[in-house]
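User: I would like to go through this model term by term, asking in each case what justifies the word that is used. Please set the values against the cut-offs wherever a conclusion depends on them.

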Amino acid sequence: MVVNLLDFDAAGLTSWFAQQGEKPFRARQVLRWMHQFGVSDFNAMTDIAKSLRAKLISTAAVSPAPTISDKLSDDGTRKFLFDVGNGNAVETVFIPEDDRGTLCISSQAGCALECAFCSTGRQGFNRNLSTAEIIGQLWQASRVLARDAGGIKAGERIISNVVLMGMGEPLANFDNLIPALRLMLDDNAYGLSRRRVTVSTSGIVPVMDRLAEACPVALAVSLHAPTDGLRDKLVPINRKYPLADLMAACRRYLVHAPRDFITFEYVMLDGVNDSDADARALLHLVRDVPCKFNLIPFNPFPASGFERSPNDRIRQFAAILINGGIVTTTRKTRGEDIDAACGQLAGKVQDKSRRGQRAIGLARAPAPISAGVELQS
Ligand code: SAH
Ligand code: SF4
């Protein structure tokens, strides 16, 4: 059986090399070729002995998931669609900004958590991505972006930040996630700072503690509601790990975190979670958790049952948080012309869950049919 070397972090590759009777420095060399230089052809790894190259060719491969499509938005956002087999595809989005380039990657095909406003959740769960499929998104995007930029100079980075905010719940795929995170941080691979790698979770409390131990990176928590009553409906995992437990887990995480705050993500749903009273209740909820808020204008998808809060409402909501002393930003919606905005990362929605029906009962307004939306400034 051919082994996919993208499945290994440095420790895993070293022990696989040891099983082949090879020294640890060989593993480091191959790691650099693969991840720093984007090389998949063992014959091109010129400082590796010919005999070892021949052995690698017969036993191993560097195999990322094949690319189905690669689309560029008018605003520079770029969306890659990767084939992970059995009719499943996952998406990766590159978001260039003046001072950084962020790659948003997926951790699962579909998601089991069924958040009411999320098109990935609507799809239902298909399967966990392997480490190779997770890191392969960064591997592929780095290669393609460097190629299109005509190569990159030493010290320059096109992808400076990685966020696990694509499809799936990263903490529900912990064992495959950790080696991928370690590769992102490894100086022989991508060498990103812990502060520039962010895991976003809907709040799987015990696994937040495991992440803090195994590989503390920046943490974003999808809050979306100030009370258990509402969060139970919007983010059903809340029934298992309610807000008091989640806030306590955030405080514990901060002991290990590379940043001294948690980012709370909050999707702005018209008439559902966006009142002044909701904002004030949030201030009370997070009073003991050093944090920032990132308000995400809801990105509609067919039959979602929700509408995006109007811009004035979002501004007023943000003002209450800011006046309460919390740094609050509103996410600019980007890549809408190529369906690359948050929560739209499912391509064609296959509603395998019953969420579709249940969700509609929650929202005040009937389902919007298309994305006739204003862009946030
Ligand atoms: N499963 C993880 C990470 C992926 S989702 C999590 O839930 O945190 C990344 C972010 O996009 C989350 O905050 C999620 O709640 C948000 N999101 C999902 N659907 C959305 C939509 N339709 N509009 C705006 N944000 C959405
Ligand atoms: Fe899963 Fe996150 Fe979507 Fe919830 S918001 S269904 S946890 S991907």
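What follows is an exchange about the terms used for this predicted model and the values behind them.

User: To begin with the overall picture, how many helices and strands are there, and what share of the residues is buried?

Analyst: The protein chain has 12 helices and 14 strands, and buried residues account for 56% of its 377 residues. Of the contacts between residues at least 6 apart in sequence, 68% join residues that are at least 24 apart.

User: What makes the strands one open sheet, and in which order do they stand?

Analyst: The order is β3-β4-β5-β6-β9-β10-β11-β12-β13-β14, which gives 10 strands in an open sheet with mixed pairing. At the edges stand β3 (67–72) and β14 (328–330), and because each has a single partner strand, one side of each is left without a neighbour in the sheet. From one strand to the next, the twist averages 20 degrees.

User: How do you know that β3 and β4 are paired, and in which sense do they run?

Analyst: Two strands count as paired if there are at least two bridges between them, and β3 and β4 share 5, so the term applies, with the pairing in the antiparallel sense. Within this pair, D70 stands opposite F80 in β4, and L72 has R78 as its bridge partner in β4. The two strands form a hairpin with 5 residues between them, where G76 takes a positive phi near 95 degrees.

User: What supports the pairing of β5 with its neighbours β4 and β6?

Analyst: On one side, 6 bridges join β4 (residues 78–83) to β5 (residues 89–96), and on the other, 4 bridges join β5 to β6 (residues 101–104). Set against the requirement of at least two bridges, both counts suffice, so both are pairs, and each is antiparallel. L81 has its bridge partner E91 in β5, while F94 stands opposite L103 in β6. Both pairs are also hairpins: β4 and β5 have 5 residues between them, with a positive phi of about 90 degrees at G85 in the turn, and β5 and β6 have 4 residues between them.

User: Why is the phi of N86 remarked on, and is that residue buried or exposed?

Analyst: Most residues other than glycine have a negative phi. N86 is not a glycine, yet its phi is positive, at about 50 degrees. This residue lies in the loop between β4 and β5, and because its relative accessibility of 80% is over the 50% cut-off, N86 counts as exposed.

User: Where does H224 lie, what is its phi, and is it buried or exposed?

Analyst: H224 is likewise a residue other than glycine with a positive phi, in this case near 70 degrees, and its place is in the loop between β11 and α8 (228–234). Its relative accessible area is 5%, and since buried means under 20%, H224 is buried.

User: Why is G38 called buried, and which residues does it touch?

Analyst: The relative accessible area of G38 is 12%, which is under 20%, so the word buried applies. G38 lies in the loop between α2 (24–36) and α3 (50–59). Leaving aside residues up to four places away in sequence, G38 touches W33, W139 and R143. The C-alpha atoms of G38 and W139 are separated by 6.6 Å, although the two residues are 101 apart along the chain.

User: How do you know that C291 is in no disulfide?

Analyst: The structure holds 0 disulfides. For C291, the nearest cysteine sulfur is that of C250, 8.6 Å away, whereas a disulfide requires two cysteine sulfur atoms within 2.5 Å, so C291 is in none. C291 is also buried, because its relative accessible area of 14% is under 20%.

User: Which residues are around ligand 2, and what makes up that shell by class?

Analyst: Around ligand 2 are C111, L113, E114, C115, C118, G121, G168, E169 and S202. By class, this shell has 4 nonpolar, 3 polar and 2 charged residues. One of its members, C111, has a relative accessible area of 10%, which is under 20%, so C111 is buried.

How values were computed: Residues numbered from 1 in each chain as written. Chains lettered and ligands numbered in written order. Predicted model: local features only at pLDDT ≥ 70, side-chain atom pairs only at ≥ 80, totals over all residues. Heavy atoms only, no water. Buried < 20%, exposed > 50% of the residue type's maximum accessible area, 1.4 Å probe, protein only. Near = heavy atom within 4 Å. Nonpolar A, V, L, I, M, F, W, Y, C, P; charged D, E, K, R; others polar. Axes fitted to C-alpha atoms, helices over the stretch in contact; angles between N-to-C directions. Contact = heavy atoms within 4.5 Å.
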